[in-house]
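Take the model below one feature at a time. We go from a helix to the disulfides, then to the aromatic rings.

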Amino acid sequence: MRPVAMLWLMQLILLLGFPAVSCSNVTRLVDGDNSCSGRVEVFDEGQWKRVCDDGWDRNNSKVVCTELRCGAAVDASYAYFGQGSGSMWNYTVQCNGNESTLKSCTSNQSANCSNKGAGVICQSPVLLVNGTNPCSGRVEVRLNGVYGTVCDDGWNLTDAAVVCRATGCGDALAANRAAYFENYSGKVWMNNVSCNGKESTLLECAHTGTIPQNCSHEMDVGVTCGPKLRLQNGSSSCSGRVEVLHNGTWGTVCDDGWDLQDAEVVCGEIGCGYATEAKKGAFFGKGSGPIWINNLNCNGNEITLKRCRSSGWDVQNCNHSKDAGVICQNDSSSSTTAKSSSTTKVTSTSAAHTTSSLTDISSVSYDSSSSTIAKSSSTTQVTSTSAAHTTSSLTDISSVSFNFIFINQSKSWIDALRYCKAHHQTLVHILNGTAQQYITQMLQAKQISGGVWIGLERDMLYACSPWLWTGGPNVDYEAWNELSPVDAGSRFCGKLQRENNTFGWMDACCFEKLPFICQG
């Protein structure tokens, strides 16, 4: 093509707004859970180099996510994905957040880099929502920055395998259909998906287009994948040698620096409650294969072990005599006898439980499909079908079905959510005035000063983002303590706050330590 014609063609492409095509990527993410998270590397002088994390911040991460078309930046990580190996790109980068590529940001040569690779977590191209662990749930794909579901027409195990691989999970165990993980209220982005199994993301599979589909949310698809993490050689599924799945291969964790906070993340990730012991010295026997991680440094709040800081993957200076292990607290939520522990549930067949005041039932929950009653000092659940439950204050709601559980333990919002999920529940959704009235009565006798967490959240990246119920529907019914949220700029989690004799919603800092309500 003649130079003049080539120039004219380039101007036409820019004029029409067609996406630019790059012959080769100059930025990539490695060792992450998916294509939109990982350690940042740039192509320079004929090789891939790690980016120095000195001064690495959210603006830098924003540019990387934009460059890779991965949506918004969720986190500017430092050593979450290991320091890596190979050459370091010895420049400190300072972006303002509006640049199109990382290399177009202001950079200064540095001879004293910390030798830790910078990382980013962008919006994941696919989410698994409302599952019992990080590797199961309703499938949601991101299109134009908005997540939507997939219709189950033609959905099969090959399609599910692409999702499992894209989320860093194990093999596809089930291709769930018919809103198995509960339906959704947003858009349906894809239908008639047909993968060959080799695609890196679901959007690469053949389908009938990425426009809102003529399909109801009762047909939302889900997946059940093998885990990213497992416990081996223990006395139960909640104890054993810690093994992680990386690049399709299982490997162990070295016990250098292994402590209870690291074990806490493991137990939370596999749904086994809280860690009681962090075991060292191959307590559960020596593993085999690679030793993937060493010098883990979790703060205890991470959703998955791969989000903890570490010295990187494929450890060379450790052996299997130092394989790490954990013993987790077994899930006691199914107990049907009274125990003097922090979680109590007592079975009862009483059909005539009576009370004359709210004091006796301020901590109870009702479920019309069961017949149980319980009280406890820290975690209380009551379920009752009593046809003769008599109280003048509860006549309006005595026949409704709720399964709300007040947990009198002070935790951050994310820790509260993890606790509920570990017991196959979620933070409570208040979808109507009846539920609000019920919870208000449930909390009346409680000594609550700072509030109670509920499953109300919004996107931390956008000050004006809408409020949503965690893993559930949009917020339609509202009962704010004030006329509206108080601080749109820095409060991203919702709580109940006492106001005279009632409890209204308030926005709050997600790191506050508060009791909370789980919903079965």
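A polar contact is a pair of N or O atoms within 3.5 Å; within protein, one must be able to donate a hydrogen and the other to accept it. Keep in mind that this is a predicted model. With that cut-off in hand, go to the start of helix H6. There, a side-chain oxygen of asparagine 432 comes to within 3.2 Å of the backbone nitrogen of threonine 434.

Now follow the helix itself. H6 spans residues 433-443. How many of its residues are buried? The count is 8 of 11, so the helix is mostly covered, given that buried means under 20% relative accessible area. The buried residues are Ala435, Gln436, Tyr438, Ile439, Thr440, Gln441, Met442 and Leu443. What covers them? The cover includes five strands: E23 (404-411), E25 (452-457), E27 (493-499), E28 (502-508) and E29 (514-519).

Next come the cysteines. Searching the whole structure gives 13 disulfides. Three of them are worth a visit here.

Start with the disulfide of cysteine 36 and cysteine 70, whose sulfur atoms are 2.1 Å apart. This pair links distant parts of the chain, 34 residues apart. Cysteine 36 sits in the loop between strand E1 (27-30) and strand E2 (37-44). Cysteine 70 sits in the loop between helix H2 (58-67) and strand E4 (73-77). The link is left-handed, with -75 degrees about the S-S bond. Are cysteine 36 and cysteine 70 buried or exposed? Both are buried.

Stay in this region for a moment. Serine 37 belongs to strand E2. Its relative accessible area is 1%, so serine 37 is buried. Which residues does serine 37 contact, leaving aside its neighbours within four places in sequence? They are Leu29, Gly32, Phe81, Val120, Ile121 and Arg307.

Move on to the second disulfide. Cysteine 195 is joined to cysteine 205, with an S to S distance of 2.1 Å. Cysteine 195 and cysteine 205 each lie in the loop between strand E13 (187-190) and strand E14 (222-225), so the disulfide ties together parts that are 10 residues apart in sequence. The value about the S-S bond is 105 degrees, and this link is right-handed. Cysteine 195 and cysteine 205 are both buried.

The third disulfide joins cysteine 298 to cysteine 308, with S to S at 2.1 Å. Its S-S torsion is about 105 degrees, so the disulfide is right-handed. Cysteine 298 lies in the loop between strand E19 (291-293) and strand E20 (325-328). Cysteine 308 lies in the loop between E19 and E20, 10 residues away. Cysteine 298 is buried, and cysteine 308 is too.

One cysteine stands outside this pattern: cysteine 509 is in no disulfide. Why? The nearest cysteine sulfur, that of cysteine 510, is 6.3 Å away, whereas a disulfide needs the sulfur atoms within 2.5 Å. Cysteine 509 has a relative accessible area of 35%, so it counts as partly exposed.

Turn to the rings. A pair of aromatic rings is described by the distance of the centres and the angle of the planes. The count for this model comes to 10 aromatic pairs. One of them is formed by tyrosine 180 and phenylalanine 181, with 4.9 Å centre to centre and 80 degrees between the planes. This pair is edge-to-face. Tyrosine 180 is exposed, at 57% relative accessible area. Phenylalanine 181 is buried, at 9%.

Phenylalanine 283 and phenylalanine 284 make another pair. Their ring centres are 4.9 Å apart and their planes stand at 80 degrees, so the pair is edge-to-face. Phenylalanine 283 is partly exposed at 48% relative accessibility. Phenylalanine 284 is buried at 11%. Phenylalanine 283 also has a charged partner: lysine 279 lies over its face, 4.2 Å from the ring centre.

Elsewhere, arginine 230 lies over the face of tryptophan 250, at 4.1 Å from the ring centre. Finish at the aromatic cluster. Which residues form it? They are Trp467, Trp469, Tyr477, Trp480 and Trp505.

Key
Residues numbered from 1 in each chain as written. Predicted model: local features only at pLDDT ≥ 70, side-chain atom pairs only at ≥ 80, totals over all residues. Heavy atoms only, no water. Buried < 20%, exposed > 50% of the residue type's maximum accessible area, 1.4 Å probe, protein only. Helix = DSSP H or I, 4+ residues; strand = E, 2+ residues; numbered from the N terminus. Contact = heavy atoms within 4.5 Å. Phe/Tyr/Trp six-rings, centres within 6.5 Å; stacked < 30°, edge-to-face > 60°. Lys NZ or Arg CZ within 6 Å of the ring centre and 35° of its normal.
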